[in-house]
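Grab a pencil and have a look at the protein below. The exercises take you through it step by step, and each one comes with a worked solution.

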Amino acid sequence: MGEPRGDTRARIQAVALELFAEHGYEKTSLREIAERLNVTKAALYYHFKTKEDIIVSLFDDALARLDDLIAWGREQPPTVETRQELIRRYADHLYTAAPGIMRFAHENQGTMRELAVGEKLKCRVRALIGLLADPKSPLTERLKSAMSIFGLNIALFAFDDDITDEERRTAALAVAMEMIGVPRDAEN
């Protein structure tokens, strides 16, 4: 008996992301993905008809988790603690569930502009920023909220030196907390 359909789908997504990172989205073919998986193109087509379908599926999964985070944030009182927890949860999402996807988005900005998921991702990021700062807040406060989210994203691919993902996450989280007005020593 073969592996469960969800496992095959996840394997295809993971291998596609690897190949996109190695060769770029445009230069990677479905044939190469099938070869790396050691399956036929027909088997790959059973799950995904195009490269775009693979990327859309990856982003749909990530966007669903962001939707959950946004829904949670909307149910919470607008307190410093809520803002801190939103930042923490977003960092957890980025560094555990979505680092490859966000790196893809960064390295393939042209493709992201062409795909509807690019606009969907922008909308979710704007919603997160809106939860961190009231639209009536001074521009500097809204900008700091935006920078806290963008800083978490940028840390995923900034600095090519020997920094672990945990070091990136820790540093980015500290900076993000400072951006939303939480002093470094008050964070813990």
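**Exercise 1. Work out which elements build the chain and in what order they run.**

Start at the N terminus and write down each element as you meet it: you get α-α-α-α-α-α-α-α-α-α. Now count by type, and you have ten helices and zero strands. Keep in mind that this is a predicted model.

**Exercise 2. Describe the chain as a whole: its span, its burial, its surface and its charges.**

Step one is the span. Along its principal axes, the C-alpha trace covers about 55 × 35 × 35 Å.

Step two is burial. The chain has 188 residues, and 41% of them are buried.

Step three is the surface. About 10700 Å² is exposed, with carbon and sulfur atoms supplying 54% of that area.

Step four is charge. You'll find 26 positive and 31 negative side chains, and the centres of these two sets are 5 Å apart.

One last step: take the contacts with a separation of 6 or more. Residues 24 or more positions apart account for 62% of them.

**Exercise 3. Find out which helices supply the largest nonpolar core, and which residues touch the most other members.**

First, the members: this core holds 54 residues, and Ile 33, Phe 59, Ile 87, Tyr 90 and Leu 121 touch the most other members. Next, the suppliers: at least two residues each come from α1 (5-23), α2 (30-37), α4 (51-75), α5 (80-97), α6 (99-107), α8 (116-132), α9 (139-154) and α10 (165-179). The largest share belongs to α4, with ten residues.

Now zoom in on Leu 121. Skip its neighbours within four places in sequence, and Leu 121 is in contact with Phe 59, Leu 63, Leu 66, Met 102, Ala 105 and Met 112.

**Exercise 4. Decide whether Leu 17 is buried or exposed, and list its contacts.**

Locate it first: Leu 17 sits in helix α1. Its relative accessible area is 18%, and the cut-off for buried is under 20%, so Leu 17 counts as buried. Then look for partners beyond four places in sequence: Leu 58, Gly 100, Ile 101 and Phe 104 are in contact with Leu 17. Take Gly 100 as an example. It is 83 residues away from Leu 17 in sequence, yet the two C-alpha atoms are 6.8 Å apart.

**Exercise 5. Do the same for Ser 57 and Leu 115: where are they, and what are they in contact with?**

Begin with Ser 57, which lies in helix α4. Ser 57 has a relative accessible area of 7%, so it is buried. Leaving out neighbours within four places, its contacts are Arg 9, Gln 13 and Phe 48.

Leu 115 is in the loop between α7 (109-114) and α8. Leu 115 is buried because its relative accessible area is 7%. With neighbours within four places left out again, Leu 115 is in contact with Glu 52 and Ile 55. Leu 115 and Ile 55 are 60 residues apart in sequence, and their C-alpha atoms are 9.1 Å apart.

**Exercise 6. Inspect residues 29-48, then say what stands out about the phi of Asn 38.**

Check the record first: an unreviewed UniProt entry places the feature "DNA-binding region" at residues 29-48. This stretch is 75% helix and 0% strand, and its end C-alpha atoms are 12 Å apart.

Then find Asn 38, in the loop between α2 and α3 (41-47). Its phi is positive, about 65 degrees, although Asn 38 is not a glycine. Its relative accessibility is 72%, so Asn 38 counts as exposed.

**Exercise 7. Classify Ile 180 and His 106 as buried, partly exposed or exposed.**

Ile 180 is in the segment after α10. At 5% relative accessibility, Ile 180 is buried. Beyond four places in sequence, its contacts are Arg 83, Gln 84, Ile 87, Leu 132, Ser 145 and Ser 148. Asp 162 is 18 residues from Ile 180 along the chain, and their C-alpha atoms are separated by 28 Å.

His 106 belongs to helix α6. Its relative accessibility is 35%, so His 106 is partly exposed. His 106 and Leu 156 are 50 residues apart along the chain, with 9.6 Å between their C-alpha atoms.

Note on methods. Residues are numbered from 1 along each chain as its sequence is written. This is a predicted model: local features need pLDDT of at least 70, side-chain atom pairs count only at pLDDT 80 or more; totals for chains, interfaces and linings use all residues. Side-chain values use heavy atoms; hydrogens and water are left out. A nonpolar core is a set of buried Ala, Val, Leu, Ile, Met, Phe, Trp, Tyr and Cys residues joined through side-chain atoms within 4.5 Å. Buried means under 20% relative accessible area, exposed over 50%, partly exposed in between (1.4 Å probe, protein chains only). Helices (H or I, at least four residues) and strands (E, at least two) are DSSP runs, numbered from the N terminus. Contact means heavy atoms within 4.5 Å. Accessible areas come from the Shrake-Rupley method with a 1.4 Å probe; for residues, only the protein chains shown count as cover. Lys and Arg count as positive and Asp and Glu as negative; His and the chain ends are not counted. The place of a charge is taken as NZ of Lys, CZ of Arg, CG of Asp or CD of Glu. UniProt positions are given in the numbering used here, feature names are shortened, and annotations may be inferred rather than shown by experiment.
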